[in-house]
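Visitor: I have a structure to go through. Can you walk me round it?

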Amino acid sequence: MPTHLSTALSQPTAKVGQEVELLVNARIDDKWHLYATDFSEDVGPVVFTLKFAPSAAYALVGKPQSVHSHHQMDEVFKGEVAFWEKTGQIRQRIKVLQPGPLAIKAEADYQSCTDVDGRCVPGNETLAFGPLQVSGAAAASAAAAPAAKPGAPVATAAAVAAPAVTAPAAASPVAAATPAAVVAPLAPAPTAVTNETTAGAPAVSAAVAAAAPVSDAGGLWSFGVLAFISGLAALLTPCVFPMVPMTVSFFTGAQDSRGRGILKAVVYGLSIIVIYTLIGVVVARLLGEDGPNFMATHWLPNLLFFVVFVVFGLSFLGLFEITLPSGLVNKADAQADKGGWLGVFFMAFTLVLVSFSCTGPIVATVLGLAARGQTLAPVVGMLGFSLAFALPFTLFAIFPSWLKSLPRSGGWLNTVKVVLGFVELMLALKFLSMVDLAYHWGILTRDVYLVLWVVLSALLGLYLLGKFRLSHDSPLEHLSVGRLLMAVLAFSFMTYLVPGLFGAPLPLLAGYLPPQSRHDFSLAAGGPAPPVQATANALGETPRFGDFLELPHGLQGYFDLPQAIRAAKQAHKPIFIDFTGHACVNCRKMEATVWSDPAVLTQLQNDYVVVALYVDDKTELPQKEWYTSARDHQQKTSLGKQNADLQVTRYGFNAQPYYVLFNPDDPTGKPLVAPIAYEPNVAQFAQFLKEGRRSYQARHGAVAAR
């Protein structure tokens with residue numbers, strides 16, 4: 001946990017009727033901040049709250065006060081927030097009402113966030129103050145203040161309830177998974193994700209705790225590497241490769257000294273990186289908080305990306321040429337001719353413009369894929385792309401003798417361009433598939449998707465073998481070893497895809513294909529073993545939204561949380577919440593490679609009631625179930641919007657996948673163990689499920705789980 005709390009008393013002793021301060025001290029890790037108590041809960045982040053149990057021994061005086069918290073406008077939440085960095089302190093005054101040693105406990109809910117990758121970690125723990133030694137007669141307490149009655153409502157130090165929900169009074173009791181319908185069965189007010197179990201429950205193992213929640217840093221690194229490889233691919237295009245020796249000769253042939261020439265070459269490379277990274281920054285700023293989800297699931301940007309990728313792919317195949325207006329290129333070139341350090345920058349800018357017809361589709365691909373993730377991804381993508389793109393220009397300028405080792409320009413450059421064209425067409429299908437899934441259009445099923453990929457990869461293999469030529473190709477006199485190896489890869493990929501037409505899960509591509517559902521054919525005996533099939537769970541109710549949503553591997557469950565709660569209570573089982581999405585690549589990977597393992601699937605089918613809550617589904621709900629969320633003051637009318645609002649409101653986490661285990665009979669709604677996000681390790685995920693089951697059984701006085 002990035003926040004570490006400790007407690008203290010303003011004084012060790014007191015008399016009845018005296019006021020004492022309870023101190024909560026926070027130590028916060030570097031690059032993290034902890035939200036304080038003194039800002040409105042309507043802004044969005046979880047406000048620090050202290051919830052005290054009712055007691056006749058003391059009374060709360062006022063609300064908790066944040067000491068020296070920072071206040072500023074938050075551009076993401078569009079409101080003023082208060083927070084601490086490094087250290088923070090909260091003070092709560094109480095009036096002592098009875099003599100004797102006084103031990104006070106309070107439950108703290110809070111949220112810590114980092115600006116490094118936008119991650120937020122909710123916290124929940126029980127704090128103990130004292131004991132405080134109190135002297136004086138009991139009668140004095142009666143005169144001082146009325147004692148709290150046993151069984152009175154819990155006193156809340158800071159009135160932070162669940163973001164209020166405005167819902168019509170006539171709403172159906174079997175409403176969709178809205179906070180209005182969901183929060184009520186769980187608790188009168190939301191609780192943040194707990195990091196410990198309650199008394200009597202076994203502690204979460206280190207393996208499970210380490211997995212919850214995980215950072216997206218690994219995904220960003222992988223995406224950065226992919227963008228770097230894309231930058232290397234851009235270098236091997238006809239628009240860019242011939243410019244390497246031309247540009248390098250400018251730096252080595254100038255009248256500058258060698259040291260100054262090398263410095264200019266470095267500035268030239270850095271200018272390329274700055275230009276492309278600025279493009280990533282602009283895209284990231286335009287996306288905003290809800291941008292990734294909008295870009296990933298709304299029909300307009302997805303269809304736009306689909307068309308753009310198809311156009312760029314056809315351009316790479318030689319159907320037409322995409323160029324920027326000549327006036328723009330000429331103006332940049334004129335600025336470069338003026339020389340000086342500014343001229344070096346404009347030389348880099350001219351290179352970016354001139355090479356647009358080859359690099360534009362690749363840049364659009366990187367940004368298009370980045371837009372489907374977090375807002376930091378476009379910056380990382382452009383940084384990786386531009387680093388690979390600028391590196392050769394800088395290195396060859398510093399070591400000009402290396403130019404002799406470069407292969408000569410020729411027809412092979414157009415081959416690279418054509419290969420990229422086929423890749424663009426294959427990637428275009430991903431965007432069409434996402435909008436098709438989110439809106440349930442049913443025009444691009446898994447079988448149709450696979451057929452198109454099989455045909456495109458087969459055509460690519462035939463092209464590399466020289467079985468046909470395109471308009472800009474030179475005659476192929478002989479087949480090079482490199483071209484032959486690329487053809488082998490293309491046909492190998494095609495061969496891997498073919499069993500998918502007959503029901504094979506294709507786990508390596510699980511995140512990029514439509515989900516595995518109904519097929520026209522089934523694998524014959526002797527093919528890959530099918531995943532373990534789930535047995536019937538005697539669901540009792542027909543799953544709402546089950547006519548267009550389904551769980552993988554034959555699992556039976558729900559897509560509506562109130563239904564799952566009723567079923568879990570009847571079956572005496574804990575609930576497994578899967579916050580997922582149609583556009584969630586990692587969700588499909590988890591289902592294909594982790595859920596399918598018998599160690600996991602057996603537990604899901606036998607030990608839990610599973611509910612999948614899609615945060616990006618566009619299904620419009622009946623008007624009586626609409627509500628306005630106090631978190632962002634937006635009306636939630638669709639299934640996806642209400643599920644997404646539930647995840648952020650209750651658990652303070654807005655990325656998918658996100659897995660929560662909880663007891664349907666627990667009115668507090670606390671998770672049984674710390675929730676986890678993307679966890680590709682089967683053993684870790686199976687242990688997470690075991691710990692949740694053990695915690696559930698311990699709270700019901702059952703025998704420990706196997």
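Guide: We will take salt bridges, cores, ring pairs and a few odd residues in turn. Keep in mind that this is a predicted model.

Visitor: Fine. How many salt bridges does the structure hold?

Guide: The count is 8.

Visitor: Which residues are linked in a network of salt bridges?

Guide: Glu19, Glu21, Arg91 and Arg93.

Visitor: Take Arg91 and Glu21. How far apart are the closest N and O atoms?

Guide: They are 3.0 Å apart. This pair links distant parts of the chain, with Arg91 in strand β9 and Glu21 in strand β3. The separation is 70 residues.

Visitor: And Glu21 itself, buried or exposed?

Guide: Buried. Its relative accessible area is 16%, and the cut-off for buried is under 20%. Arg91 is at 32%, so Arg91 counts as partly exposed.

Visitor: What about Arg93 and Glu21?

Guide: Their side chains also form a salt bridge, at 3.3 Å from N to O. Arg93 is in strand β9 and Glu21 in strand β3, 72 residues apart. Arg93 has a relative accessible area of 32%, which makes Arg93 partly exposed.

Visitor: Now Lys670. Which residue does its side chain meet in a salt bridge?

Guide: Glu107, with an N to O distance of 2.9 Å. The two are 563 residues apart in the chain. Lys670 lies in the loop between β19 (658-662) and α20 (682-699). Glu107 belongs to strand β10.

Visitor: Is that lysine buried or exposed?

Guide: Lys670 is buried, at 10% relative accessibility. Glu107 is buried too, with 19%. That value falls under the 20% cut-off, so Glu107 counts as buried.

Visitor: Change of topic. Which residues touch the most other members in the largest nonpolar core?

Guide: Leu5, Val24, Phe48, Leu50, Phe52, Ile104 and Phe129 do. The core has 39 residues.

Visitor: Which strands each supply at least two residues of this core?

Guide: β3, β4, β5 (49-52), β8 (79-85), β9 (87-96), β10 (100-114) and β11 (120-135). There is also a second, separate core of 29 residues. Among its members are Phe559, Met590, Val610 and Tyr696.

Visitor: What is the general background?

Guide: In soluble globular proteins, nonpolar side chains tend to be buried together.

Visitor: Any nonpolar side chains at the surface? Which residues make the nonpolar surface patch of about 410 Å²?

Guide: Trp299, Leu300, Trp441 and Ile443. Ile443 sits in the loop between α13 (411-439) and α14 (446-464). Its relative accessibility is 52%, so Ile443 counts as exposed.

Visitor: On to rings. How many aromatic pairs does the count come to?

Guide: It comes to 15. One of them is Phe576 with Trp595.

Visitor: Why is that pair edge-to-face?

Guide: Because the planes of Phe576 and Trp595 are at 75°, and over 60 degrees counts as edge-to-face. The ring centres are 5.6 Å apart. Phe576 is in strand β15 (residues 575-580) and Trp595 in helix α17 (residues 585-595), 19 residues apart.

Visitor: Are those two rings' residues buried or exposed?

Guide: Phe576 is buried, at 0% relative accessibility. Trp595 is buried as well, at 0%.

Visitor: And the pair of Phe579 and Tyr651, what are the centre distance and plane angle?

Guide: The centres are 6.0 Å apart and the planes are at 65°, so this pair is edge-to-face. Phe579 is in strand β15 and Tyr651 in helix α19 (residues 639-651), so the pair ties together parts 72 residues apart in sequence. Both residues are buried.

Visitor: Which residues do ring pairs link into a cluster?

Guide: Phe576, Trp595, Tyr608, Tyr659, Phe685 and Phe688.

Visitor: What lies over the face of Tyr463?

Guide: Arg483, at 5.1 Å from the ring centre.

Visitor: Last topic, backbone. What is the phi of Lys31?

Guide: It is positive, about 70°, although Lys31 is not a glycine. Lys31 lies in the loop between β3 (19-28) and β4 (32-35). Lys31 counts as exposed, at 66% relative accessibility.

Visitor: Where is Phe545 found?

Guide: Phe545 is in the loop between α15 (481-497) and β14 (557-558). Its phi is also positive, near 70°. Phe545 is buried, with a relative accessible area of 10%.

How values were computed: Residues are numbered from 1 along each chain as its sequence is written. This is a predicted model: local features need pLDDT of at least 70, side-chain atom pairs count only at pLDDT 80 or more; totals for chains, interfaces and linings use all residues. Side-chain values use heavy atoms; hydrogens and water are left out. Helices (H or I, at least four residues) and strands (E, at least two) are DSSP runs, numbered from the N terminus. Buried means under 20% relative accessible area, exposed over 50%, partly exposed in between (1.4 Å probe, protein chains only). Patches are made of residues with over 30% relative accessible area and no salt bridge: like charges are joined within 9 Å, nonpolar side chains (Val, Leu, Ile, Met, Phe, Trp, Tyr) within 5 Å. Accessible areas come from the Shrake-Rupley method with a 1.4 Å probe; for residues, only the protein chains shown count as cover. A salt bridge is a side-chain nitrogen of Lys or Arg within 4 Å of a carboxyl oxygen of Asp or Glu. A nonpolar core is a set of buried Ala, Val, Leu, Ile, Met, Phe, Trp, Tyr and Cys residues joined through side-chain atoms within 4.5 Å. Rings of Phe, Tyr and Trp (its six-membered ring) pair if their centres lie within 6.5 Å; planes under 30 degrees apart count as stacked, over 60 as edge-to-face and the rest as tilted. A charge sits over a ring if NZ of Lys or CZ of Arg is within 6 Å of the ring centre and within 35 degrees of the ring normal.
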